[in-house]
Each structure stands twice: as C-alpha cells, then as structure tokens.
Amino acid sequence: LQAGPVAFSSARKETDLHSMPPRRNAADVVAAAAAAEGLSPAAVAAFAGLPDLTLRPCRASALPPELERATAALVRDNMDEVFAASGWDEADAEEGCAVGEPLYLLLLDARDALLGFVQCEFSVEAGEPALYVTELQLARHAQRRGLGARLTAAAEALAWDRGLAQVVLTVQTANRAALAFYARQGYGASCCSPELCPGEFEPEERRPP
C-alpha cells in the first residue's frame, strides 16, 4: 500500500486456500455469511486480556440511536481532514453490491461507551466471497493502544469463521497513517487497485492465514 496520484488505494488480505472448505458458489457463501449470527471464539479472543472491553456485534437496523450518533461522530472526528484533503464527498459514494445489511463490531468500555467500531458488509469481490470493511474507527483517546490491530483481527476472524476468502477495504491515499497501519496488518494492494488499474475503482484485500 502506498500513497500515489490516485484518490484511493485498494487492499486485500486472503485466506490460506488449504484451510478453506470445499469450493462453493461465491454468492451462496456470502449469503450464508450475511445470515449468520454472533462472533466466533477467535473474534472474541482478539480482545483477550482486556476484561473492561466488550466487542459486540450489531446489525445496522438494530443499532441504538445513541450508538448510531456516536459512530457517525467518530467518522467525522477522524476523517473530516482526510475528506477535505482528498476532495471526497460521501454523497458521491456509489451503491455497492453487498448482501444483507451492514454489520457493526462495536468496541465498548466498562460503561458501554463507544471506543471504536468496524462497519462491514458481505459481498463478492473479484469473483470471491469477501468481508468488505467500510469503516474502522477508534476514538482519539483509544488510539495507539493496539486496539485498531485487535479490531482488524476480530473482523478477519469473523470473515474466516464464516467461510469468506478475503477481507477487502479501500483507503484514501491522503490517509497515510491508515495506509501504513494496514500494511503492518499484512494487507497488500489488490490486483484491481486504482494505482494498478488507473480509471477503475475497486478494493484492497487480505486472505486468511
């Protein structure tokens, strides 16, 4: 992942294909993943040793109003400068091809206050079932404590447990801190990332270990 002349960089992390179940239709895998409930033990284990923190899955339609406001405030607080630098307008975002509704992984402290969250969707990317991470945000006072890496690990564990082949995300190239962070987590540029395929807009990925 690297900064460049394009507004976005797409990355992915993928699974070890030897650990995957027998090949199934990608759309069927995504539909099953979107319908599944709860967190795998591996996702919960991402926050082992931090008893004051809770990772709670929540579908978008069930997100309480106060947490909906809190997640939106986190995005604004963390991203307004990046949006301004890139000229990005959220109103310009295209509709994706996700199956089902977005899923939130909410990181809450002992008082149930929001420390951070992952927002993700289930989709087929480049012909393979994927967890598409649309947001990963942490409150400023919760940053630089390793919690972002733990949230990323939890999202990956959820993807692998539900039989998905990759975790995909898109990063604005103006957000150099995010580019460096995902590179440290093992993400690499997708073959259809804009810097490799100018004029196209597609994601970045990681596959399971």
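I take a helix here to be a DSSP run of H or I covering at least four residues, numbered from the N terminus. I also note at the outset that the model is predicted.

**Entry: glutamate 81**

I looked up glutamate 81 and found it in helix α3, which spans residues 65–86. Its relative accessibility is 68%, and because exposed means over 50%, I recorded glutamate 81 as exposed. I then checked a pair that is distant in sequence: glutamate 81 and alanine 174 lie 93 residues apart along the chain, with their C-alpha atoms separated by 9.4 Å.

**Entry: strand pairing**

I followed the pairing of β3 (99–108). Strand β2, residues 54–59, pairs with β3 in the antiparallel sense, and I noted six bridges. Within this pairing, proline 57 has leucine 105 of β3 as its bridge partner. On β4 (114–125), the pairing with β3 is also antiparallel, over seven bridges. There I located leucine 107, whose bridge partner in β4 is glycine 116.

**Entry: positive phi at aspartate 112**

I next examined the hairpin of β3 and β4, which has five residues between the strands. Aspartate 112 sits in this loop. Its phi is positive, about 65 degrees, although the residue is not a glycine. Is aspartate 112 buried, partly exposed or exposed? I entered it as partly exposed, because its relative accessible area of 44% falls between the 20% and 50% limits.

**Entry: positive phi at arginine 144**

I recorded a positive phi at arginine 144 as well, about 60 degrees, and this residue is likewise not a glycine. Arginine 144 lies in the loop between β5 (128–138) and α4 (147–161). I classed arginine 144 as exposed because its relative accessible area, 86%, is over 50%.

**Entry: nonpolar core**

Which residues of the largest nonpolar core touch the most other members? I found Phe47, Leu106, Phe122 and Leu131, out of 52 residues in that core. The largest share of this core comes from α4, with eight residues.

I then listed the contacts of leucine 106, leaving out residues up to four places away in sequence. Thr54, Leu55, Arg56 and Cys58 are among the residues it touches. I also noted contacts of leucine 106 with Leu63, Leu67 and Thr71. Leu114, Gly116 and Phe117 complete the list for leucine 106. Gly116 had already appeared in my notes as the bridge partner of leucine 107.

Notes. Residues numbered from 1 in each chain as written. Predicted model: local features only at pLDDT ≥ 70, side-chain atom pairs only at ≥ 80, totals over all residues. Heavy atoms only, no water. Helix = DSSP H or I, 4+ residues; strand = E, 2+ residues; numbered from the N terminus. Buried < 20%, exposed > 50% of the residue type's maximum accessible area, 1.4 Å probe, protein only. Pairing = 2+ DSSP bridges. Core = buried A, V, L, I, M, F, W, Y, C linked by side-chain atoms within 4.5 Å. Contact = heavy atoms within 4.5 Å.
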